[in-house]
Amino acid sequence: MKNKKKWIVVALLAVILILVSIFWYYSYVTQDQVTERNAAIVKAKQSGGLVSTTQTWKSVWDQVYWVVQGKNAQNENIMVWVPFQKVEGQPNVPVADNSGVHTELLKNGVDEQQMTAMIQQQLPGIDIVRLDPSVFNGQYVWQLFYDDGSHHYYTFYRFSDGGSMGVKYTLPNN
C-alpha cells in the first residue's frame, strides 16, 4: 500500500513537470511574436493615437505590418497599421520613424463583421479561413484567405469601401 502511494506521487510530479515544460517551451517559441505584438501596440499608442487595444493582426504580404484595433482619446474605434522591418538576428521591429504608421477611423471604412457579410453575399458557399487587415499595393485592405472546396485563394478588398481589388491568387493543390 505504501509503495502504491509513492508511485502515485511520482506519477503526479512527472505529469506536473511535463506540463510546466510544455508551458516553458510554448513561451519560448512564441516570445518573438509576443515581442513584435507588444512593440506594435506601443508604436500605435505613440504614433497612431491609440489609447486602448481590442484586437491585433500580423500581416505579411509585401511588407510585415501589425494592425492594431482599439479606441482613440475620443473613444472612437480606430485601426492603426504599423509597418515593421527586419533586423538580422532579432524579431522584426517597427519602423524607426513615424513614416508608414497609418490610423483610420473604423467608421470611415468597413469593419470585420461588415466585410464578412459582404464576402458571404459575393462568394456564397466558401469557407473563410482567415480575414485580416493588410496592405496590398500601397492600399489598406482586407486580405481574405478562403477555400471554395477545390482550391484555396487569396483576394483583397479595400478597407475604405469593401470593394474588390480585382486580384485573386490561387494556391495549387497538393
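Which residues does UniProt give for the feature "domain: Cell wall elongation regulator TseB-like"? The unreviewed entry places this feature at residues 40-83. The model discussed here is predicted.

**Annotated spans**

UniProt also carries the annotation "transmembrane region", again from an unreviewed entry, and it covers residues 7-26. In the model, residues 7-26 are 100% helix and 0% strand. Residues 40-83 are 18% helix and 55% strand. The table sets out both spans.

| Span | Helix | Strand | Distance between end C-alpha atoms |
|---|---|---|---|
| Residues 7-26 | 100% | 0% | 28 Å |
| Residues 40-83 | 18% | 55% | 8 Å |

**Two domains**

The domain assignment splits the protein chain into domain 1 (1-94) and domain 2 (112-170). Their C-alpha centres are 25 Å apart. Nine residues of domain 1 and 15 residues of domain 2 make up the contact.

Together, domain 1 and domain 2 bury about 1000 Å² between them. Carbon and sulfur atoms account for 67% of that area. Three tryptophans stand out on the domain 1 side: W57, W61 and W81. They supply 59% of the area that domain 1 buries against domain 2, more than any other three residues.

What kinds of pairing cross this interface? Zero salt bridges are found between domain 1 and domain 2. Polar contact is present, with a count of two residue pairs, both at pLDDT 80 or more.

Which elements of domain 1 give two or more residues to the side that touches domain 2? They are the strands β1 (52-60), β2 (64-71) and β3 (77-85). The largest share, three residues, comes from β1. By residue type, this side of domain 1 divides into six nonpolar, two polar and one charged.

**Salt bridges**

How many salt bridges does the structure hold? The count is four. One of them pairs E36 with K58. The closest N and O atoms of E36 and K58 are 3.0 Å apart. E36 lies in helix α1 (residues 2-47), while K58 lies in strand β1, so the salt bridge ties together parts that are 22 residues apart in sequence. Side chains of opposite charge can pair when their charged atoms come close.

**In brief**

The interface of domain 1 and domain 2 has zero salt bridges, and two residue pairs in polar contact. W57, W61 and W81 supply 59% of the area that domain 1 buries there.

Methods. Residues are numbered from 1 along each chain as its sequence is written. This is a predicted model: local features need pLDDT of at least 70, side-chain atom pairs count only at pLDDT 80 or more; totals for chains, interfaces and linings use all residues. Side-chain values use heavy atoms; hydrogens and water are left out. UniProt positions are given in the numbering used here, feature names are shortened, and annotations may be inferred rather than shown by experiment. Helices (H or I, at least four residues) and strands (E, at least two) are DSSP runs, numbered from the N terminus. Domain bounds come from an automatic or database domain assignment. Contact means heavy atoms within 4.5 Å. Buried area is the accessible area (1.4 Å probe) that two parts lose on being put together, summed over both. A salt bridge is a side-chain nitrogen of Lys or Arg within 4 Å of a carboxyl oxygen of Asp or Glu. A polar contact is a pair of N or O atoms within 3.5 Å; within protein, one must be able to donate a hydrogen and the other to accept it, and residues adjacent in sequence count only if both atoms are side-chain atoms. Ala, Val, Leu, Ile, Met, Phe, Trp, Tyr, Cys and Pro count as nonpolar, Asp, Glu, Lys and Arg as charged, and the others, Gly among them, as polar.
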